[in-house]
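Work through the exercises below with the sequence and the model open. Each task is followed by a solution in steps.

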Amino acid sequence: MSLLEKTQPRVLIVDDEPANLKVLRQVLQDSYRLSFARSGEAALELLFKEDIDLILLDIMMPDLTGFEVCERVKSNPKTARTPIIFVTALKDTIDEETGFKLGAVDYITKPIVPAIVRARVKTHLSLVQADALKETQIDLIQRLGRAAEYKDNETGMHVQRMSRYAYVLAVAAGIDEQTANELLLAAQMHDLGKIAIPDNILLKPGRLDETEFKQMKAHAQIGADILSNPQSQLVALARSIAITHHEKWDGSGYPKGLRQKEIPLEGRIAAIADVFDALTSERPYKKAWSVEDAVQLLQEESGKHFDPDLVELFILELPKILEIKTKFAEQIQLKRIDS
């Protein structure tokens, strides 16, 4: 089947009573592809043979109960995210609590009301589609970040490390978990503007002259231009990081010469994460610094290049930083240009 062919979501209906399967079939068959199972074991077998988008699951069955089936589904990484709606005559609050603890998303009571069944199924499949869209956005963001990084670091590990360093520092600075996760994603686009910088400058194995450095500095504004007019908080955050991660605490940075807290917090965080990883990584134009030397530079530049409070927090979090550095180490040889 072509990827362009749109198919209806597939719903698995599990019930040991044929009459119940027939009723649900009549309610849903016009809108969805349906699969049926009359036992928990049969349902589990089908889950591994077919791509199931949602499960309508009876609780009281003779072999495996619905609760037991749910537990097995949620314990398997391949099926754990498949939403389960219990369809049951049970009305005991304890049973509902058990189901939700096991990972079910909803309950429908028997005898069913067709309109309610259709509404609940539609709602939860919409949530699945929303999650899939978010995953797609994240995937594209990560690939966009790697596209910029590929020119001078084809593994893309710099953006993986730097963004995670930024996450650790953000949490240490008191940023909530959700925002810190957004920062982790947004930081991966910090050097997006590098895609417009010529290779002879980006990969030059020596010091840039004044004209070359001016061209290199343009990447901050180019990245911001690419991310201009953002339609989401995530892209807005990425734009802010792209244009401010080369600003310096003392006002000597670029492109706008912002100083101290004129620089947004995300830019100050990204600056430390970016420089630390750049220093401790090999590049076509330099050898990697030791962690000790990189930390010493952060301390020397505290209050000049970097926010002094954030430098202190970064050093306190160094054990976590080094775990990330090890986990996301370079795995292939850096690209070189002919000399």
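**Exercise 1: partners in the sheet**

Task: which residue of strand 5 is the bridge partner of Val 87?

Solution. The partner of Val 87 in strand 5 is Ile 108. The model is a predicted one. Next, take the two strands as a whole: strand 4 and strand 5 (residues 106-109) pair in the parallel sense, over four bridges. Then turn to strand 3 (residues 54-58), which also pairs with strand 4 in the parallel sense over four bridges. In that pairing, Leu 56 has Ile 85 of strand 4 as its bridge partner.

**Exercise 2: strand order and edges**

Task: in what order do the five strands stand in the open sheet?

Solution. The order is 2-1-3-4-5, with parallel pairing. Strand 2 (33-37) and strand 5 each have a single partner strand, so each is left with one side lacking a neighbour in the sheet. On average, neighbouring strands are turned by 20° against each other, direction ignored.

**Exercise 3: the faces of strand 4**

Task: are the residues of strand 4 (residues 84-88) buried or exposed?

Solution. Start with the general rule: side chains in a regular strand alternate between the two faces of the sheet. On one side of strand 4 are Ile 84, Phe 86 and Thr 88, and on the other are Ile 85 and Val 87. All of these are buried, so both faces are covered, taking buried as under 20% relative accessible area. The count is therefore five buried residues of five.

**Exercise 4: the connection**

Task: which helix joins strand 3 and strand 4 in a β-α-β unit?

Solution. Helix 3 (residues 66-75) completes the unit, which is right-handed.

Methods. Residues are numbered from 1 along each chain as its sequence is written. This is a predicted model: local features need pLDDT of at least 70, side-chain atom pairs count only at pLDDT 80 or more; totals for chains, interfaces and linings use all residues. Side-chain values use heavy atoms; hydrogens and water are left out. Buried means under 20% relative accessible area, exposed over 50%, partly exposed in between (1.4 Å probe, protein chains only). Two strands pair if DSSP finds at least two bridges between them. A crossover is right-handed if, with the strands pointing away from the viewer, the path from the first strand over the helix to the second runs clockwise. Axes are lines fitted to C-alpha atoms, for helices over the stretch in contact, and angles run from 0 to 180 degrees between N-to-C directions.
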